[in-house]
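Here's a quick walk through a few spots worth pulling up in your viewer. Keep the structure open while you read.

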Amino acid sequence: MARVGLTKELVVLAAAEIADRDGLDALTLAALAAALGVKTPSLYAHLGGLDDLRLRLAALAAAQLGDVLAPAAAGLSRGEALREIGHVYRQWANEHPGLYAALQPASPAREPAAEQVLALVLAVLRGYGLEGDQAIHAARTVRAALHGFVTLEAQGGFGIPVDLGDSFAWMLAALDRGLASA
């Protein structure tokens, strides 16, 4: 029998807290059960196991990222919009490292929320006059740059003592120039 008051949503939110605090690899059903004050088997009333939990985390992560990116680009275009969504993306990834890790790789469970993020990026790219396949190529480039930077940053991959914020701004400016000339 499921614990009174415990829902799938609360279980996933507790898992997100563990993933963000301790890392996605530290998230186990045993750790989640302990955090919720239940026995591990009782989680199966809410989840189909660890793989199901990871899919739910991916969906939550994509939804949260979309929710913070959408207002960031509102009323802005081209370089201004790109810079703003870039900075918000980086901040969210740094504040939610476990959830960010759950976004990778792509999964069907996150697709509806991921479509919101893609639609936002494509709207920004339309400001550069990019449509169709060109917009997809550009969206992949933007994603690769943002993901690469935040992943390297999270893993301590930037060892040279030059301000990371300046490097990030430089990267966004380079992307803006490249998209403007595409």
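Start with Phe149, which is buried, with a relative accessible area of 6%. Keep in mind that this is a predicted model. The ring of Phe149 pairs with that of Phe158: the centres sit 4.8 Å apart and the planes meet at 35°, so the pair is tilted. The partner, Phe158, is partly exposed, at 32% relative accessible area. Phe168 joins in too, and Phe149, Phe158 and Phe168 make up one aromatic cluster.

How many aromatic pairs are there? The count comes to three. Another of them is Tyr89 with Tyr100, an edge-to-face pair. Tyr89 belongs to helix α4 and Tyr100 to helix α5, so this pair ties together parts that are eleven residues apart in sequence. Both tyrosines fall under the 20% cut-off for buried: Tyr89 has a relative accessible area of 9%, and Tyr100 has 7%.

Here are those two pairs next to each other:

| Pair | Centre to centre | Angle between planes | Type |
|---|---|---|---|
| Tyr89 and Tyr100 | 5.7 Å | 85° | edge-to-face |
| Phe149 and Phe158 | 4.8 Å | 35° | tilted |

Tyr100 turns up again in the second largest pocket, where the lining also includes Ala93, Asn94, Pro97, Ala101 and Gln104. His147, Val150, Thr151, Ala154 and Gln155 complete that lining. Which elements give two or more residues to it? They are α4 (78–95), α5 (97–102) and α7 (132–154). Of these, α7 gives the most, with four residues. The volume of this pocket is about 230 Å³. As for chemistry, its lining splits into six nonpolar residues, five polar ones and no charged ones.

Now over to helix α1, which covers residues 8–22. With 15 residues, α1 reaches 21 Å from its first C-alpha to its last, close to the 21 Å expected at 1.5 Å a residue. Which of its residues are buried? They are Val11, Val12, Ala14, Ala15, Ala16, Ile18, Ala19 and Asp20. The cover over these buried residues includes α2 (29–36), α3 (50–73), α4 and α5. So α4 and α5 come up in two places: they help cover α1, and they also contribute to the lining of the second largest pocket. Just after α1 comes Gly23, which takes a positive phi of about 105°.

How values were computed
Residues numbered from 1 in each chain as written. Predicted model: local features only at pLDDT ≥ 70, side-chain atom pairs only at ≥ 80, totals over all residues. Heavy atoms only, no water. 1 Å grid on protein atoms, 1.4 Å probe; cavity = no way out; pocket = protein on both sides within 12 Å on 5 of 7 lines; lining within 4 Å. Points joined across faces, edges and corners; volume = space filled by probe spheres on them. Nonpolar A, V, L, I, M, F, W, Y, C, P; charged D, E, K, R; others polar. Expected span 1.5 Å × (residues − 1). Buried < 20%, exposed > 50% of the residue type's maximum accessible area, 1.4 Å probe, protein only. Contact = heavy atoms within 4.5 Å. Phe/Tyr/Trp six-rings, centres within 6.5 Å; stacked < 30°, edge-to-face > 60°.
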